[in-house]
Amino acid sequence: TNTTTKLPFQAEVAQLLHLVTHALYSNKEIFLRELISNASDACDKLRFEGIDNPALYEDAPNLEVRVSFDKAARTLTIADNGIGLSKQEAIDNLGTIAKSGTKDFMSKLSGDQKADAQLIGQFGVGFYSGFIVADRITVESRRAGAAADQGVRWASGGAGDFEVDDIERTQRGTTVTLHLRDDAEEYLNAWKLKQVIGKYSDHISLPILMEKEEWKEGENDQPGDMVKTGEWEPVNKASALWTRAKKDITSEQYAEFYKTISHDYADPLAWSHNRVEGSTEYTQLLYIPAKAPMDLFNREKSAGVKLYVKRVFIMDDAEALMPSYLRFVKGVIDSADLPLNVSRELLQESRDVKAIREGSTKRVLSMLEDLAKKQKTAVDNAAGKIDVGSGESVPAPEPTAPVGDVTDVVDKKAVPAAEAAAEFASDPDAGKYAAFYAEFGAVLKEGLGEDFGNRERIAKLLRFASTASDTVSVGFADYKARMKEGQEAIYYITADSLAAAKNSPQLEVFKKKGIEVLLMTDRVDEWALNYLEEFDSTPLQSVAKGAVDLGTLQDEAEKKAAEEAAETFKPVLERLKEALKDKAEDVRVTTRLVDSPACLVVKDGGMSTQLARMLKQAGQ
Ligand code: ADP
Ligand code: MG
């Protein structure tokens, strides 16, 4: 009987496949990392399900991956004895992209190969990367615990569709066979495969085996060749990376491990690896990515920290381990104390988990503080503020970048300070904080409202543009250090764009008096700043709210003139109030304007115009 079913790929998959083969061409070898990491994930899943159901191991208790090739048939095979796939799972998982943000991702593709390759890398092509080197892929699988006649064969040429068949398969797990393209022959070579595995998959915690080869002299004038011996040997270290001592791990290995767990294409920006001892024992290996994922602002999006218990993988996206405002952090936490059968519900309540979460949060914050400090030191050095001893000081950078036309800056979110910082500092760490901030600063701000215990530390990490700096580089502490004598508050304004903020009539009096105002243009600013009443005992004040009290900076004469004007213009004000009675609560004379005739302000403690607009947009 013929059970073959032909099914079309989800439209996005077909599109992605086409791109994968073109855009990722220059970095072909990553396909092996992707397939081995899938094999490893499948073994992790079996280990996890096997905790409650040991029968799933059947007669093969040792989890492993085997990589082999057949020169004559031009095939490369990656086989695992992990959890396997049922027919339906093969259809669902190898025919669609289940990831959130797929559509969004597709819409961002530009057709420029280099840019797209980066984007694809970030998105993670996973299984489909096999088509970079193969013009046909066959997958044979049987789910652990299912009967031998429940096997499935999935096959595709990577164009519009794939086929599935029912097959008989005695061994559990999955075998992926790649029919290599002509230009991928190099992978029919044990040395090459070992090299790629060593590079990308050394840290995988289960053994990756290859068949041993021996040199055999040719007979009857035939040249000699390597022949298989039938004996399999591990070609990786097979110890989970985070369990090794720091000194035994190179930066490259840390970076590769990051790429495997994050599905990122680029190196991480920073990482921290620690064994924490005390009442709760755990190992943490936490990474800060260099680039934000596309779905960063989806707060429901799964967190990037994997939970292991005594080296057994328990779950991905364990939200309980990391607060939402640090959802960009990737990594592994391996606990020595949690029970292996820990559930998500249990995680929420566990005191150990609470301790881990607090410890990991602090660890991330100190990583960020460290980056910020290094950047500041580098910038100060470059600016010649600190004598580095060489006697030669680099000229200080211009404090403010030149401002373009208003129309020029409207759509720019902010000038990434990373570029500015990296430009004049030779220290590679110099631009890192700015780079981090440009990608994740807006998310970090959510922490002001979310993590009261660490609010001050978070506030110190925030950076803004200001009337004195077009780059997003001014921290509250920098601002405070530059405050005018007699100035009693940190002033800020929120707006949709840098240009709108800068040209706001509400800034006029501040400009006139030379008082710096922080310019906040992230959507989250308004909300987040609500949670920060003061910084280091100095109150924060929105210049768009109430009657701005400039305190002792206010000119006595100006004040008096305003009071007099208020008296003189009383009848006018009354008439304006009457005319605007449905629209304005009050109309008054102000000293805050210099050039503009009038401006809108919000009453003290009221919702700002920015927030009101946001709520309106959201249909409230
Ligand atoms: P990801 O690994 O990010 O989920 P992939 O494209 O690499 O995405 O794989 C898609 C899905 O296919 C996996 O989530 C898994 O369900 C399934 N899969 C792939 N390879 C295997 C395998 N070796 N064993 C079992 N399932 C697999
Ligand atoms: Mg994968």
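A residue is called buried here if 20 or more other C-beta atoms lie within 10 Å of its own, exposed if 12 or fewer do, and partly exposed in between, with C-beta atoms placed from the backbone. By that yardstick strand S9 is hardly covered, as the count of buried residues among its 10 residues is 0. Helices (H or I, at least four residues) and strands (E, at least two) are DSSP runs, numbered from the N terminus. The model is a predicted one, so local features need pLDDT of at least 70 and side-chain atom pairs count only at pLDDT 80 or more, while totals for chains, interfaces and linings use all residues. Residues are numbered from 1 along each chain as its sequence is written, and chains are lettered from A and ligands numbered from 1 in the order in which they are written.

S9 belongs to an open sheet of 9 strands with mixed pairing, in the order S1-S6-S5-S4-S7-S3-S2-S8-S9. The edges are formed by strand S1 (5–8) and strand S9 (225–234), each of which pairs on one side only. Two strands count as paired if DSSP finds at least two bridges between them. On average, and ignoring direction, neighbouring strands of the sheet are turned by 20 degrees against each other. Angles of this kind run from 0 to 180 degrees between N-to-C directions, with axes taken as lines fitted to C-alpha atoms, for helices over the stretch in contact.

Within the sheet, strand S4 (residues 134–142) and strand S7 (residues 173–180) run antiparallel and share 8 bridges, with Arg136 opposite His179 in S7. S2 and S3 are also antiparallel, over 6 bridges, and here Ser68 faces Thr77 in S3. The hairpin of S2 and S3 has 4 residues between the strands, and Arg74 in it takes a positive phi near 60 degrees. S2 and S8, in contrast, pair in the parallel sense over 3 bridges, with Ile208 in S8 as the bridge partner of Val65. Out at the edge, 7 bridges join S8 to S9 in an antiparallel arrangement, and Met210 stands opposite Glu233 in S9.

In a regular strand the side chains alternate between the two faces of the sheet. S2 shows this nicely: Val65, Val67 and Phe69 point to one face and are buried, whereas Arg66, Ser68 and Asp70 point to the other and are not.

Two helices sit against this sheet. Helix H2 (residues 30–52) packs on it, touching strand S2 (65–70), strand S3 (75–80), S7 and strand S8 (208–216), and its direction makes about 20 degrees with that of S3. A contact means that the C-beta atoms of two residues, placed from the backbone, lie within 7 Å. Helix H6 (residues 190–201) lies across S2, S8 and S9, running at about 150 degrees to S8. Its buried residues are Leu193, Val196, Ile197, Tyr200 and Ser201. These cover an arc of only 100 degrees around the axis, which puts them on the same side of H6; the arc is that of the directions from the helix axis to the C-beta atoms. Their cover includes H2, S2, S8 and helix H7 (251–262).

H7 has its own buried set, namely Tyr254, Glu256, Phe257, Tyr258, Lys259 and Ile261. What covers them includes H6, strand S10 (270–276), strand S11 (282–288), strand S12 (304–309) and strand S14 (330–335). Just after H7, His263 takes a positive phi of about 60 degrees. Ala238, in the loop between S9 and H7, likewise has a positive phi, near 60 degrees. Ala238 is partly exposed, with 17 other C-beta atoms within 10 Å.

Now for the cores. A nonpolar core is a set of buried Ala, Val, Leu, Ile, Met, Phe, Trp, Tyr and Cys residues joined through C-beta atoms within 7 Å. The largest has 75 residues, of which Ile493, Val517 and Leu518 touch the most other members. Helix H12 (residues 432–450) gives the largest share of this core, 9 residues. Apart from it lies another core, of 53 residues, among them Leu16, Leu24, Ala79 and Ile204.

Val353, in helix H9 (residues 351–383), counts as buried with 23 C-beta neighbours inside 10 Å. Not counting residues up to four places away in sequence, Val353 touches Ala320, Leu321 and Leu347.
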